[in-house]
Amino acid sequence: FMQGAVSKIGPTSVTVANGTVLNADCVVVAIGGQYASGAIWKPTPDQTTKEERIAGFRSERERVKASRSVVIAGAGLAGVEVAGEIKSAYPDKKVTLVGTFLAGTSEGMRKRTKTAITKMGVILSDGRVNESEPGEDGKVTTSTGESIDADLVLNAAGFVFAGAELVDEALATDVTKRGQFNCRATLQLQSCDTVFCCGDIVAVPQGCYADVKGIAHAEATAKTVAANVVKVLSKASPLSDFKWSKKPITNPCMTALGTKVGIGDLGMPRFMSGIENKLCRTMKCKDYYMSLQAKHFGKGKTWD
């Protein structure tokens, strides 16, 4: 295991920021993406240890705590949850959520979540926020011209990818304008048999859809990549194709708006929405699935 930032990706090697070159028969790229102006759930370059990451969270919490009015730019799943979590923890703060509300979810999910989050007191606004910080007047202006009071702006929009910055010339033709990678159905790069990609860094083919839940999409693509890497190394064939969905994947989906408010869409009939919401509160709001997933992260073996 090596911890460090990647500075270059080649067909059979990865160069780390400290100059170390790791040679390999196959390279798997799983670097995901990040919000353009940074985000509270993404580590900054100086946060390379657990202690530094925890300190970063605590510092961000103090920024939120000290703010009177918070604007969240981006109303997708992440932005909605951030708005709900802040309003749940600090009911007296003004929280404004700017963006297209839950565009990748079902109509029922959007309707129920909008009802819940507005009942909590979160203000919804259309348009985009391009500023990363409030102006001198303590306001931000949306693309629709609305002026909003803000002490703090949290970005949950404008996802970007670093593919173009990291690949060497041999792989440059496989990088999209957004910095993702064009892959074959086997999740190998279009022009290279030895480089595989999984997760959000894979460009979704035209006419196909990825799961809006990043973890679910990463796990699904990783299974195909892992199987195909083994086949390449053992010189077995044929490789397996990843099965892209031909229609939007809207469920299962759970949105936590704090520890007590959760909205679930598990594909059940409408009259069972109460059960879906209860499952969300039990599984996600309580501890973000850790009661189910902790064992996969070493609980009971490396930590209690």
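Okay, a definition before anything else: two strands pair if DSSP finds at least two bridges between them. Helices and strands here are DSSP runs, a helix being H or I with at least four residues and a strand being E with at least two, and they are numbered from the N terminus.

Now the small print. This is a predicted model, where local features need pLDDT of at least 70 and side-chain atom pairs count only at pLDDT 80 or more, while totals for chains, interfaces and linings use all residues. Residues are numbered from 1 along each chain as its sequence is written, and side-chain values use heavy atoms, with hydrogens and water left out.

So, confidence. pLDDT is the predictor's confidence in each residue, from 0 to 100. The protein chain averages 91, and 97% of the residues score at least 70. Among the elements, strand 13, residues 188–189, has the highest mean pLDDT at 98, and strand 5, residues 34–35, has the lowest at 74.

Let's stay with strand 13. Which sheet does strand 13 belong to? An open one of three strands, in the order 4-14-13, with mixed pairing. Strand 4, which is 27–29, and strand 13 sit at the edges with a single partner strand each, so each has one side without a neighbour in the sheet. Helix 5, residues 214–233, packs on this sheet and touches strand 4, strand 13 and strand 14. Contact here means heavy atoms within 4.5 Å. The direction of helix 5 makes about 155° with that of strand 14. For angles like that, axes are lines fitted to C-alpha atoms, for helices over the stretch in contact, and the angles run from 0 to 180 degrees between N-to-C directions.

Now the pairings. Strand 13 and strand 14, residues 192–197, run antiparallel and are joined by two bridges. They make a hairpin with two residues between them, and glutamine 188 has phenylalanine 196 as its bridge partner in strand 14. On the other pairing, strand 4 and strand 14 run parallel, with three bridges, and valine 29 is partnered by cysteine 197.

Just ahead of strand 13, have a look at leucine 187, in the loop between helix 4 (163–166) and strand 13. Its phi is near 70°, a positive value in a residue other than glycine. Most residues other than glycine have a negative phi, and most peptide bonds are trans.

On that second point, where are the cis bonds? One runs from serine 237 to proline 238, with omega near -5°. Another runs from asparagine 251 to proline 252, with omega near 0°. Proline 238 is in the loop between helix 5 and strand 15 (253–256), and proline 252 is in the loop between helix 5 and strand 15 too.

Back towards the N terminus, there's an open sheet of three strands in the order 1-2-3, with antiparallel pairing. Strand 1 (6–9) and strand 3 (21–23) are the edges, each with a single partner strand, so one side of each has no neighbour in the sheet. The twist averages 20° from one strand to the next. Three bridges join strand 1 to strand 2, residues 13–16, and valine 6 stands opposite valine 16.

Last up, a helix pair. How do helix 2 (residues 77–89) and helix 3 (residues 107–120) cross? Their axes come within 10 Å and cross at roughly 30°. Helix 2 and helix 3 are therefore roughly parallel to each other, a label for angles under 35 degrees. At the contact, Val80, Ala83, Gly84, Lys87 and Ser88 in helix 2 meet Thr113, Ile117 and Met120 in helix 3.

Definitions and conventions. Parallel < 35°, antiparallel > 145°, perpendicular 65-115°, else oblique.
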